[in-house]
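Biologist: Please take a close look at one part of this model, the aromatic cluster, and then describe the sheets and helices in the rest of the structure.

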Amino acid sequence: MVSTVQNTDVKQKDADRAVVVALTSRAAFEADGGDKVYDVGVAFTLLQALQRVNKCLLEENPAESLLFDIILITTDSQQQQQSARIISSSRHYGLEVSRFCFSSEEDFIESLLNNNVQLFLTLDRNEALQASQRGVLSALLHQQTASSPSEQLRVLFSGDAVVRSDTSPAARRFSAQLGEMRQRFGVFDSPLSIVLMTSRGGRDSCSGALQMLRSRGVSVDEAYCLAGAPRGPILSLLRPHFLLSDVAE
């Protein structure tokens, strides 16, 4: 069973143009923290960064409809029992969450499909795999996400996944939307940064990934060709909010 609560405090986005991003409430809030409201979770800076992109887009054009539309998904039975606390916590921290979805672990995919989610973000690899298998682009969040900046959304593309011939339609659609958003801003001081990282292969692999992204309307701000070198140091330097790759990696 799936229950959805619309946030009447937030202006609802254009369903035909908005980029719907769903996060699990476990990523947004600490399950056992706080008293009247939950303590912030690892995805708090990510939520702030998404909102800043929206704010900057609307400052550029008040009629802009290509915006992030944020949904919180709750499958944790303990948190579901405190649904009002999740909603009040979102309001307390000024999070512009459009809808709150509460479902069982078995039915959360239904929440994603019913809300036309274009990107699903979770701390649970199994949830990410399940969503991917049903055609929903998914990415894993990590504890390091908490150290990512709140003033700029940093999206990292895995070049190894970009050049694969079986790249999903969902991934192509999301990257195109992200590229269109990035074009709204200048080279400097953009609230949205797109980075490409190729772990395997040499310059040809990186060049192929760049060309593939450009064919989808995506221009990257930075590109790194690791050629088999460990990616940990680069990730520590870049501090991306999430990595778009094969969730099975």
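Modeller: F29 is buried, with a relative accessible area of 0%. The model is a predicted one. Y38 also counts as buried, at 1% relative accessibility. F29 and Y38 form a stacked aromatic pair, with 6.0 Å from centre to centre and 25° between the planes. F44 and Y93 form another aromatic pair, this one edge-to-face, at 5.5 Å centre to centre and with 70° between the planes. F44 lies in helix 2 and Y93 in the loop between helix 4 (83–92) and strand 4 (97–103), so this pair ties together parts that are 49 residues apart in sequence. With a relative accessibility of 15%, F44 counts as buried because the cut-off is under 20%. Y93, at 25%, counts as partly exposed. Ring pairs link F29, Y38, F44 and Y93 into a cluster. The whole structure holds four aromatic pairs.

Helix 2, which carries F44, spans residues 44–60. One open sheet has six strands in the order 1-4-3-2-5-6, with mixed pairing. Strand 1 (2–6) and strand 6 are its edges; each has a single partner strand, so one side of each is left without a neighbour in the sheet. From one strand to the next, the twist averages 20°. Strand 3 (residues 68–74) and strand 4 run parallel and are joined by five bridges. I71 has R99 in strand 4 as its bridge partner. Helix 2 lies across strand 2, strand 3 and strand 5, and runs at about 155° to strand 3. Helix 8 lies across strand 2, strand 3 and strand 5 as well, at about 110° to strand 2.

There is also an open sheet of four strands, with the order 9-8-7-10 and parallel pairing. Its edge strands are strand 9 (222–225) and strand 10 (242–244), each of which pairs on one side only. The twist here averages 25° from one strand to the next. Strand 8 (residues 192–198) pairs with strand 9 in the parallel sense over four bridges, and T198 stands opposite C225 in strand 9. Helix 8 (residues 169–183) packs on this sheet, where it touches strand 7, strand 8 and strand 10, and its direction makes about 130° with that of strand 8. Helix 2 lies across strand 7 (153–158), strand 8 and strand 10, running at about 105° to strand 7. Helix 2 therefore lies across strands of the six-stranded sheet and across strands of the four-stranded one.

That leaves helix 6 (residues 125–133), in which E127, A128 and A131 are buried. These residues cover an arc of only 100° around the axis, which puts them on the same side of helix 6. The buried residues of helix 6 pack against strand 2 (19–24), helix 1 (25–28), helix 5 (108–114), strand 5 (119–122) and strand 6 (138–140). At the N-terminal end, D124 caps helix 6, with a side-chain oxygen 2.8 Å from the backbone nitrogen of N126. Just after helix 6, G135 takes a positive phi of about 90°.

Notes. Residues numbered from 1 in each chain as written. Predicted model: local features only at pLDDT ≥ 70, side-chain atom pairs only at ≥ 80, totals over all residues. Heavy atoms only, no water. Buried < 20%, exposed > 50% of the residue type's maximum accessible area, 1.4 Å probe, protein only. Helix = DSSP H or I, 4+ residues; strand = E, 2+ residues; numbered from the N terminus. Arc of directions from axis to C-beta. Contact = heavy atoms within 4.5 Å. Polar contact = N/O pair within 3.5 Å; in protein donor to acceptor, adjacent residues only side chain to side chain. Pairing = 2+ DSSP bridges. Axes fitted to C-alpha atoms, helices over the stretch in contact; angles between N-to-C directions. Phe/Tyr/Trp six-rings, centres within 6.5 Å; stacked < 30°, edge-to-face > 60°.
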